[in-house]
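Biologist: I would like to talk through the charged and nonpolar side chains here. Could you take me through them one by one?

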Amino acid sequence: MADAPKPKEKSKISSARRLGLKIRLLTVAGQMLEVETEEKKREREEALAERVPPLKLSGLSVDELMDLCKDLHRKIDVVDEERYDVGLKVTKNDKECHELGLKIIELQSKFKKPSLKRVKISAEMMLSVLLGSKHKETIDFKSNLKTVKKAEEKVRLVHAQSVVLCQDVYLLLLIILRYYHRQ
């Protein structure tokens, strides 16, 4: 009996009351929107009145009117230059935002790593690839591993060769990884 699904509980508010509440909420939201638009209009008009004082044209001579017109044209040119500069900045920022959005999408998308092909290459081939023309003699790695040298000089020589060989193998692996990463 505990596994049986429970019947849906009925809403405590009737549908008529719910509809009435929705209508009231919508009317209040509409009134708030109207008040907000009126406030924005008022702020805009105040800002324009502050920036652009009213023109006093009465009682001016022709020369004074000409000077006033020239002054207004200069102000218009300055405002147009500022508007153009701001427009360029906005387009530049939009372009940067778009490029960054593309980078984000690229980083978030799943990147498939290419499957690397297994390459069988001998130690001699690795050395010849790494050293090029410098590699002339062949080294028998197995014989060096099997024989135990008792003299200190031989131990140092083998150690030095193994260090060089490890460095060469490491460089070869880096070259191979770069090669396959480019493909």
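Biologist: Is D71 buried, partly exposed or exposed?

Modeller: Happy to start there, keeping in mind that this is a predicted model. The cut-offs are under 20% relative accessible area for buried and over 50% for exposed. D71 has 27% relative accessibility, so D71 counts as partly exposed.

Biologist: Which side chain meets D71 in a salt bridge at 3.8 Å, N to O?

Modeller: Side chains of opposite charge can pair when their charged atoms come close. The partner of D71 also lies in helix α2, four residues away, about one turn of the helix. D71 and R74 belong to a network of salt bridges with this residue. At 3.8 Å from N to O, the partner is K75.

Biologist: How far apart are the closest N and O atoms of D80 and R83?

Modeller: Both residues sit in helix α2, three residues apart, about one turn of the helix. D80 is partly exposed at 33% relative accessibility, while R83 is exposed at 58%. They form a salt bridge, and the closest N and O atoms are apart by 3.2 Å.

Biologist: And in helix α1, which residue lies four residues from R42, about one turn of the helix?

Modeller: R42 is partly exposed, with a relative accessible area of 43%. Its salt-bridge partner has its closest atom 3.3 Å away, N to O. That partner is E46.

Biologist: What is the accessible area of the nonpolar patch that holds L60?

Modeller: L60 is in the loop between α1 (15-51) and α2, and at 32% relative accessibility L60 counts as partly exposed. L55, L57, L65 and L72 join L60 in the patch, and together they have about 390 Å².

How values were computed:
Residues numbered from 1 in each chain as written. Predicted model: local features only at pLDDT ≥ 70, side-chain atom pairs only at ≥ 80, totals over all residues. Heavy atoms only, no water. Patch = residues over 30% accessible without salt bridge, like charges linked within 9 Å, V, L, I, M, F, W, Y side chains within 5 Å. Areas by Shrake-Rupley, 256 points an atom, 1.4 Å probe, with all protein chains shown as cover. Salt bridge = Lys/Arg side-chain N within 4 Å of Asp/Glu carboxyl O. Helix = DSSP H or I, 4+ residues; strand = E, 2+ residues; numbered from the N terminus. Buried < 20%, exposed > 50% of the residue type's maximum accessible area, 1.4 Å probe, protein only.
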